[in-house]
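Work through the following exercises with the sequence and the model beside you, and try each task before you read its solution.

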Amino acid sequence: MTFKKRIITVLMIACVVAAIYSVSRIGLPVNQEGEEQEIEDSLFGHRETLYLWYTDEALTDYLNSVAVSYNEFQQEVRVIPVYTSGLEYLETINQASLQSEEVPDLYIVGNDSLEKAYLAGLASEIKIPDGVFGLEAMFPATSVNAVTYHEKQIGYPLYFETSSFLYNKTYLEDWARAQIEAEIDAAEGEAAQEEADHETPEESDAVEPVEMTEVDEAAVAARVEDTLPKTINDILSFADVYDAPEQVEVFKWDVSDIFYNYFFVGNYIDVGGRAGDQASSINIYNENAIRCMRVYQNLNQFFSIDTVEISYADVLQDFIDGRIVYTVVTTDALAKIEEAKANGDFQYEYGTSLIPDINEELVSKSLSVTQCVVINGYSVHKDMANDFAVYLSCYNESVNNLYDRTGKLPALKGVDISNPNAEAFIREYEKSSPNPKMIETSNYWVELEIAFARIWDGEDANAELRSLSEKIMTQITGEAYEEDYIDVPEEVDEEEDSEELSEDADTDEQDTN
């Protein structure tokens with residue numbers, strides 16, 4: 001019998017048993033502690049208990065709801081979600097696994113912790129039940145890579161975090177409408193002038209009323225779509241022509257946090273290979289990465305942002321207050337903006353799109369973290385825990401409510417999300433780079449963040465990437481490592497190049513005279 005059929009069959013049985021249970025409880029007071037449990041055990045027999053650990057309080061109601069629904073049809077198992085502090089999370093799980101009678105049978109954790117969990121015996125290879133498609137069919141490749149460690153799948157993807165591009169749609173619509181109106185006025189003015197040039201004196205004396213041409217809203221929407229930046233250069237071009245309202249900045253993002261910066265180099269830096277678990281696959285210092293970081297550094301000339309003063313919370317609040325046109329945000333922004341709209345604190349329409357590429361040659365790629373359900377290697381109920389993990393992460397009826405209940409975007413394909421702006425995050429996630437899981441590179445993000453900050457503030461991009469690569473490679477190899485210097489000439493802007501040529505020509509002419 002397939003897993004799906006098993007679920008349907010057990011659900012039908014559960015309905016019948018639940019009805020009998022409800023009738024049997026009529027008039028049965030529960031006066032002593034544990035009496036209700038005794039009644040339940042007498043009806044259903046002994047149940048094994050699974051303990052599901054998690055660290056995000058936003059999941060509490062959702063996980064309790066899923067546990068109840070699972071308990072209703074799986075009569076042999078009771079699932080109890082357990083909220084635990086995220087501090088020293090794996091260490092706490094390990095301690096409970098060795099010393100507690102209530103061993104965490106499964107838990108939710110970020111994919112970047114999977115190597116540590118597996119080597120500590122806290123993660124088991126998953127077992128896809130008969131009749132259930134493999135992970136590759138149910139999840140994007142990013143999810144599969146995220147839960148893969150040395151060719152083993154040691155977790156079920158549940159939800160993800162990544163970055164996407166956020167824009168004030170109202171501002172763009174107002175700008176697009178003004179542009180179209182100006183174009184219409186100009187065209188009508190030219191037509192009127194041309195007609196006047198061919199009129200007789202008698203015809204010109206006849207004054208006809210001027211008809212106002214209304215702007216087609218479909219044309220406005222199309223213009224907004226065309227205006228959305230495909231590259232960083234497009235943002236700069238828009239900034240040149242956009243007459244921003246007072247105190248409104250065109251582009252602002254948290255330059256101090258690597259999660260909102262990583263897209264600049266994500267396509268050209270490799271730490272751990274496809275699954276982030278291969279120490280032999282490290283490529284930080286290369287020509288394209290240097291070129292990307294120089295583009296990043298040059299943005300400081302256009303968007304003066306202090307790496308010390310800036311914060312993501314402030315940036316998002318500025319966007320909600322209408323002080324930013326474009327920014328880069330993570331998935332949590334959707335729930336916060338919707339809450340602000342409901343409270344009347346957000347007076348605009350907004351939209352999301354893919355992160356712009358660096359330029360016409362250099363492609364962007366965001367960073368992602370996948371939260372996954374892991375089976376504890378110390379659990380004595382691994383098969384039962386595995387079945388519940390499948391139900392929690394792969395069964396649509398469970399995952400369909402994940403976003404509405406928690407604000408988290410599920411990794412499972414084909415889930416209906418009530419907010420259409422989630423689509424850009426899903427597409428961005430599908431092409432993102434999963435957070436590496438190697439213990440040797442656990443400080444990599446801190447070091448990369450420092451390098452980004454130094455480059456933003458004017459330090460040489462070539463030297464900073466070279467130093468970072470040497471530091472990480474020294475950690476991995478266990479001995480001093482030195483990168484061969486890569487000579488990447490500074491790229492001169494075409495307009496600057498033309499001005500220099502013009503100045504040279506003027507100088508030559510003066511010398512000749």
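**Exercise 1.** Decide whether Cys394 is buried or exposed, and state how many disulfides a search of the whole structure finds.

*Solution.* Begin with the cut-offs, by which a residue is buried under 20% relative accessible area, exposed over 50% and partly exposed in between, with a 1.4 Å probe and protein chains only. Cys394 has a relative accessibility of 9%, so it counts as buried, and Cys292, at 0%, counts as buried too. The search of the whole structure then finds 0 disulfides, a disulfide being a pair of cysteine sulfur atoms within 2.5 Å.

The model is predicted, so local features need pLDDT of at least 70 and side-chain atom pairs count only at pLDDT 80 or more, while totals for chains, interfaces and linings use all residues. Residues are numbered from 1 along each chain as its sequence is written, and side-chain values use heavy atoms, with hydrogens and water left out.

**Exercise 2.** Find where Glu88 lies, and decide whether Glu88 is buried or exposed.

*Solution.* First locate Glu88 in the loop between β2 (77–83) and α4 (89–99), where helices (H or I, at least four residues) and strands (E, at least two) are DSSP runs numbered from the N terminus. Next look at the backbone: Glu88 has a positive phi of about 50°, although it is not a glycine. Finally, Glu88 counts as exposed because its relative accessibility is 55%.

**Exercise 3.** Carry out these steps for Gln247, asking which loop holds it.

*Solution.* Gln247 sits in the loop between α11 (232–241) and β7 (249–251). Its phi is positive, about 65°, although Gln247 is not a glycine, and at 65% relative accessibility Gln247 counts as exposed.
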